[in-house]
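Me: I'm new to reading protein structures. Could you go through this one with me, one question at a time?

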Amino acid sequence: ALFLDEIFASLDPVNRRAMADLVTRTLKTELGFSQIFVISHTKEIQAGIAEPLTIRRLKEGRSIIQWQ
């Protein structure tokens with residue numbers, strides 16, 4: 001498994017697409033990572049994730065996890 005934390009945050013749209021291609025093509029296909037976890041607050045990246053796992057903080061100080 002590979003964890004990538006906020007790798008898209010400082011990129012412009014062109015470089016975000018290039019990084020997304022790198023993650024899916026190179027890391028998964030060519031290097032054989034079976035699981036890649038992308039931590040992102042960028043809405044367009046979240047929308048492009050095939051199986052998103054969302055962690056949301058509740059008012060009471062607890063969090064809920066949703067796997068779609």
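**Three residues, step by step**

Me: Where is R16 found?
Reply: Happy to help, and keep in mind that this is a predicted model. R16 is found in a helix that runs over residues 13-30. That helix is α1.

Me: Is R16 buried or exposed?
Reply: The relative accessible area of R16 is 15%. Buried means under 20%, so R16 counts as buried.

Me: Which side chain makes a polar contact with the side chain of R16?
Reply: A polar atom of the R16 side chain lies 3.4 Å from the backbone oxygen of F8, but you asked for a side chain. Leaving aside neighbours within four places in sequence, R16 is in contact with several residues, including T42, E44 and I45. The side-chain partner, at 2.6 Å, is E44.

Me: Which backbone nitrogen does the side chain of S40 reach?
Reply: Let's place S40 before we look for its partner: S40 sits in the loop between β2 (36-39) and α2 (43-47). With 14% relative accessibility, S40 is buried. At 3.0 Å, its side chain reaches the backbone nitrogen of T42.

Me: Which residues does S40 touch, not counting those up to four places away in sequence?
Reply: With that limit, T42 drops out of the list, and three names remain. They are I45, Q46 and E6.

Me: What is the phi of E6?
Reply: E6 lies in the loop between β1 (2-5) and α1, and is partly exposed at 25% relative accessibility. Most residues other than glycine have a negative phi. E6 is not glycine, yet its phi is positive, near 55°.

Note on methods: Residues are numbered from 1 along each chain as its sequence is written. This is a predicted model: local features need pLDDT of at least 70, side-chain atom pairs count only at pLDDT 80 or more; totals for chains, interfaces and linings use all residues. Side-chain values use heavy atoms; hydrogens and water are left out. Helices (H or I, at least four residues) and strands (E, at least two) are DSSP runs, numbered from the N terminus. Buried means under 20% relative accessible area, exposed over 50%, partly exposed in between (1.4 Å probe, protein chains only). A polar contact is a pair of N or O atoms within 3.5 Å; within protein, one must be able to donate a hydrogen and the other to accept it, and residues adjacent in sequence count only if both atoms are side-chain atoms. Contact means heavy atoms within 4.5 Å.
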